[in-house]
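Thanks for coming. I will take the chain as a whole and then go through a handful of residues.

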Amino acid sequence: MYHPDLIRHPDGCPALVLNADYTPLSYYPLSVWPWQTAIKAVFLDRVDIVSHYEREVRSPTACIKLPSVIALKQYVKPSQFPAFTRFNLFLRDKFECQYCGSHRDLTFDHVIPRAQGGRTTWENVATACAPCNLKKGGRTPKQAAMPLFMAPIRPTSWQLQEHGRRFPPNYLHDTWRDWLYWDVELEA
């Protein structure tokens with residue numbers, strides 16, 4: 001019987017990684033491992049295979065279906081606060097300019113400009129499109145008459161995970177859906 005997984009290259013078969021409580025390690029970026037890392041973890045007895053692809057890999061002595069969903073055997077406690085990175089900043093601000101709402105040509109802006117003593121922190125940096133950033137210049141939002149949609153805050157990892165669910169990755173194998181969207185409202 002034909003199955004699309006059978007013609008898939010092994011590099012196109014990443015494994016969704018779940019924590020020991022069967023929740024994803026992260027939603028965005030999605031916690032996935034390449035097939036080689038997943039197979040190694042299986043053989044080192046660090047994970048349980050929850051689901052697999054139909055695609056197999058072979059060695060001279062073994063044949064194994066590639067895992068599509070794996071769960072860690074030991075729980076990894078997520079950090080309470082995420083790293084301050086450009087990507088996490090954009091995710092906090094839902095990939096939109098905090099001045100006009102645009103989703104295009106995004107950069108970041110110091111709310112209190114560095115020239116006025118502003119620092120590069122969660123609480124002083126907001127996502128801005130290039131035109132708004134240029135228009136605001138070295139002024140505060142009040143000086144530029146450009147109010148922010150939301151005041152910048154230091155997000156928790158949980159808040160970023162919630163935002164990440166709104167931006168699904170390009171690739172979702174059917175076996176992943178039950179583990180990624182188990183808490184969405186059911187349709188009647």
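The chain is divided into two domains: domain 1 covers 10–72, and domain 2 covers 86–156. Taken over C-alpha atoms, the centres of domain 1 and domain 2 are 39 Å apart. Please keep in mind that this is a predicted model.

Now the overall dimensions. The C-alpha trace spans about 70 × 40 × 35 Å along its principal axes. The radius of gyration of the chain is 21 Å, where a compact globule of 188 residues would have one near 16 Å.

What order do the elements of the chain follow from the N terminus on? The run is β-β-α-β-β-α-β-β-α-α-α. That comes to five helices and six strands.

Next, contacts and surface. Take the contacts in the chain with a separation of 6 or more: 64% of them are between residues 24 or more positions apart. Of the 188 residues, 38% are buried. The chain exposes about 11600 Å², and 56% of that is supplied by carbon and sulfur atoms.

On charge, there are 22 positive and 18 negative side chains. The centres of the two sets lie 11 Å apart.

Now to single residues, starting in domain 1. A20 sits in the loop between β1, which is 15–18, and β2, which is 32–33. Which residues does A20 touch, once its neighbours within four places in sequence are left aside? They are L72, K73, Q74 and Y75. A20 is partly exposed, because its relative accessible area is 28% and the partly exposed class runs between 20% and 50%. One distance to add: Q80 is 60 residues from A20 along the chain, and their C-alpha atoms are separated by 18 Å.

Moving along, D45 is in the loop between α1 (35–43) and β3 (47–58). D45 has a positive phi of about 60 degrees, although it is not a glycine. Its relative accessible area is 49%, so D45 is partly exposed; the exposed class begins over 50%.

A62 comes in the loop between β3 and β4, the latter being 63–72. A62 also counts as partly exposed, at 37% relative accessibility. From A62 to Q36 there are 26 residues in sequence and 15 Å in space, C-alpha to C-alpha.

Now domain 2, and one loop in it. The loop between α2 (86–92) and β5 (106–110) holds D93. F95 is found in the loop between α2 and β5 as well.

Is D93 buried or exposed? D93 is buried, because its relative accessible area is 3% and buried means under 20%. Apart from its neighbours within four places in sequence, D93 is in contact with Q98, A126, T127 and M150.

F95 has a positive phi of about 55 degrees, and F95 is not a glycine. At 19% relative accessibility, F95 counts as buried, because the cut-off is under 20%.

To go back over the main points: the chain has domain 1 and domain 2, with 39 Å between their centres. In the loop between α1 and β3 we have D45, with its positive phi of about 60 degrees. In the loop between α2 and β5 we have D93, which is buried, and F95, with its positive phi of about 55 degrees.

That is the end of my part.

Methods. Residues are numbered from 1 along each chain as its sequence is written. This is a predicted model: local features need pLDDT of at least 70, side-chain atom pairs count only at pLDDT 80 or more; totals for chains, interfaces and linings use all residues. Side-chain values use heavy atoms; hydrogens and water are left out. Helices (H or I, at least four residues) and strands (E, at least two) are DSSP runs, numbered from the N terminus. The radius of gyration is taken over C-alpha atoms; the globule rule is 2.2 Å times the number of residues to the power 0.38. Buried means under 20% relative accessible area, exposed over 50%, partly exposed in between (1.4 Å probe, protein chains only). Contact means heavy atoms within 4.5 Å. Accessible areas come from the Shrake-Rupley method with a 1.4 Å probe; for residues, only the protein chains shown count as cover. Lys and Arg count as positive and Asp and Glu as negative; His and the chain ends are not counted. The place of a charge is taken as NZ of Lys, CZ of Arg, CG of Asp or CD of Glu. Domain bounds come from an automatic or database domain assignment.
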